[in-house]
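Dear colleague,

I am passing on a structure for you to look through, and my notes on its charged pairs and on one of its helices follow below.

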Amino acid sequence: MLAPASRSSVWFCMNEPFRILDHPADLGVEANGSTLAEAFQHAAKGLMTVILDLDSVACREAREVVLRASDREQLLVKWLSEILYLYDGGGFVGKEFTITQLSDTALQAQVHGERFDAAKHRTRLDVKAITYHQLAVTLHKQGATVRVYLDM
């Protein structure tokens, strides 16, 4: 459950493998996973949770995403930017994210969701872009943690 009282509130995501980080000008998403792919998937879900209530979204369609980047950090930004583009530019709301291939410089994934319907989907905040501010991709014994801030 996501519980913001206002834009400046602390965000709590109960039982989720990500948390929303408050920042004076932006919001951040920090996501964990047992693998880097899982952390990327959870970051995408965190992004979409900031934008709208995912409980109102059904998985009726899928979109394939194939990306290349110079490193893991750029790949994370491009991945989340593509999720944002599917929503803003394509009117497609992603709910479930499955990364099928991931290397330090390439990603292939399926995004499951449905077309945006203003009568059905409960929106929260408008995200303008994914930033490089305090961007982090960390591998550790437990898996991986990624952190990214969103321009609101």
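A salt bridge here is a side-chain nitrogen of Lys or Arg within 4 Å of a carboxyl oxygen of Asp or Glu. With that criterion, a search of the whole structure, which is a predicted model, returns 5 salt bridges.

In one of them Arg-122 pairs with Asp-53, and the closest N and O atoms are 2.3 Å apart. This pair links distant parts of the chain, since Arg-122 belongs to the loop between strand E5 (106-115) and strand E6 (129-130), while Asp-53 belongs to the loop between helix H1 (36-51) and strand E3 (61-68), 69 residues apart. As for their surroundings, Arg-122 has a relative accessibility of 46% and so counts as partly exposed, whereas Asp-53, at 13%, counts as buried because it falls under the 20% cut-off.

Another salt bridge joins Arg-63 to Glu-61, with 2.8 Å between the closest N and O atoms. Arg-63 is partly exposed, its relative accessible area being 23%, and Glu-61 is partly exposed as well, with a value of 31%.

The side chains of Asp-104 and Arg-72 also meet in a salt bridge, at 2.8 Å from N to O. Here too the pair links distant parts of the chain, with Asp-104 in the loop between strand E4 (92-102) and E5 and Arg-72 in helix H2, 32 residues apart. Asp-104 counts as partly exposed at 41% relative accessibility, and Arg-72 counts as partly exposed at 24%. Finally, Arg-60, Glu-114 and Lys-120 are joined into one network by salt bridges that share partners.

Helix H2, which contains Arg-72, deserves a separate paragraph. The helix covers residues 72-88, and its 17 residues should span 24 Å at 1.5 Å a residue, which agrees with the 24 Å that separates its end C-alpha atoms. At the N-terminal end of H2, Asp-71 acts as a cap, with a side-chain oxygen 3.3 Å from the backbone nitrogen of Glu-73.

Which residues of H2 are buried? They are Leu-75, Leu-76, Val-77, Trp-79, Leu-80, Ile-83, Leu-84, Leu-86 and Tyr-87. When reading that list, it may help to recall that an α-helix has 3.6 residues a turn, so residues three or four places apart point the same way.

With kind regards

How values were computed:
Residues numbered from 1 in each chain as written. Predicted model: local features only at pLDDT ≥ 70, side-chain atom pairs only at ≥ 80, totals over all residues. Heavy atoms only, no water. Helix = DSSP H or I, 4+ residues; strand = E, 2+ residues; numbered from the N terminus. Expected span 1.5 Å × (residues − 1). Buried < 20%, exposed > 50% of the residue type's maximum accessible area, 1.4 Å probe, protein only. Polar contact = N/O pair within 3.5 Å; in protein donor to acceptor, adjacent residues only side chain to side chain.
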